[in-house]
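Work through the exercises below with the sequence and the 3D view open. Try each task before reading its solution.

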Amino acid sequence: LTGAIYELDRENQPIEINGIDVAAGDTTTKGLEISLAGYLTDKWQVNLGYTNQKSGITFFGDATDRVGNSVEGVPEHQFSMWHKYQIT
């Protein structure tokens with residue numbers, strides 16, 4: 001079992017304006033990630049993960065109407081699962 005709490009502050013992030021990405025914004029993302037890994041049998045390994053995060057635009061030049069909006073492409077909830085079975 002592993003976990004992480006994080007905050008990512010970024011400058012000059014690409015933010016879309018009328019279908020064009022402009023690298024002029026500052027963003028922040030705060031989140032929590034938890035992962036569980038182990039073996040179901042001696043040959044079958046499984047890894048499960050969950051992430052919850054909130055993102056927001058903190059600065060975007062004169063476009064103050066975009067400040068506070070979430071960052072496009074950053075999911076609020078994300079689940080993951082992978083498994084591996086060793087045949088031989």
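The exercises that follow concern a predicted model.

**Exercise 1. Confidence**

Find the mean pLDDT of the protein, and state in which strand confidence is lowest and in which it is highest.

Solution. Start with the whole chain: the mean pLDDT is 91, and 100% of the residues reach 70 or more. Then go to the strands. Confidence is lowest in strand E1 (residues 2-17), with a mean of 90, and highest in strand E4 (residues 77-85), with 96.

**Exercise 2. Elements and overall form**

Count the helices and strands, then compare the radius of gyration with that of a compact globule of 88 residues.

Solution. Step one: the protein has four strands and zero helices. Read from the N terminus, the order is β-β-β-β. Step two: the radius of gyration is 18 Å, whereas a compact globule of 88 residues would have one near 12 Å. Step three: look at the box filled by the C-alpha atoms, which is roughly 60 × 25 × 15 Å along the principal axes. Step four: turn to contacts with a separation of 6 or more, of which 50% join residues 24 or more positions apart.

**Exercise 3. Surface and charge**

Determine what share of the residues is buried, how much area the protein exposes, and how many side chains are positive and how many negative.

Solution. Of the 88 residues, 22% are buried. The exposed area is about 6,600 Å², and carbon and sulfur atoms supply 55% of that area. For charge, count 12 negative and 6 positive side chains; the centres of these two sets are 12 Å apart.

**Exercise 4. Thr51**

Locate Thr51 and decide whether this residue is buried or exposed.

Solution. Thr51 sits in strand E3 (residues 44-59). Its relative accessibility is 11%. The cut-off for buried is under 20%, so Thr51 counts as buried. Leaving out residues up to four places away in sequence, Thr51 touches Tyr6, Leu32, Glu33, Glu76, His77 and Gln78.

**Exercise 5. Tyr6**

Which strand holds Tyr6, and which residues does Tyr6 touch?

Solution. Tyr6 belongs to strand E1. With a relative accessible area of 22%, Tyr6 is partly exposed, because that class runs between the 20% and 50% cut-offs. Beyond four places in sequence, the contacts of Tyr6 are Thr29, Lys30, Gly31, Leu32, Glu33, Thr51 and Gln53. For one of these, Lys30, check the spacing: Tyr6 and Lys30 are 24 residues apart in sequence, and their C-alpha atoms are 5.7 Å apart in space.

Notes:
Residues numbered from 1 in each chain as written. Predicted model: local features only at pLDDT ≥ 70, side-chain atom pairs only at ≥ 80, totals over all residues. Heavy atoms only, no water. Helix = DSSP H or I, 4+ residues; strand = E, 2+ residues; numbered from the N terminus. Rg over C-alpha atoms; globule rule 2.2 N^0.38 Å. Buried < 20%, exposed > 50% of the residue type's maximum accessible area, 1.4 Å probe, protein only. Contact = heavy atoms within 4.5 Å. Areas by Shrake-Rupley, 256 points an atom, 1.4 Å probe, with all protein chains shown as cover. Lys, Arg positive; Asp, Glu negative; His and termini not counted. Charge placed at Lys NZ, Arg CZ, Asp CG, Glu CD. pLDDT = per-residue confidence, 0-100.
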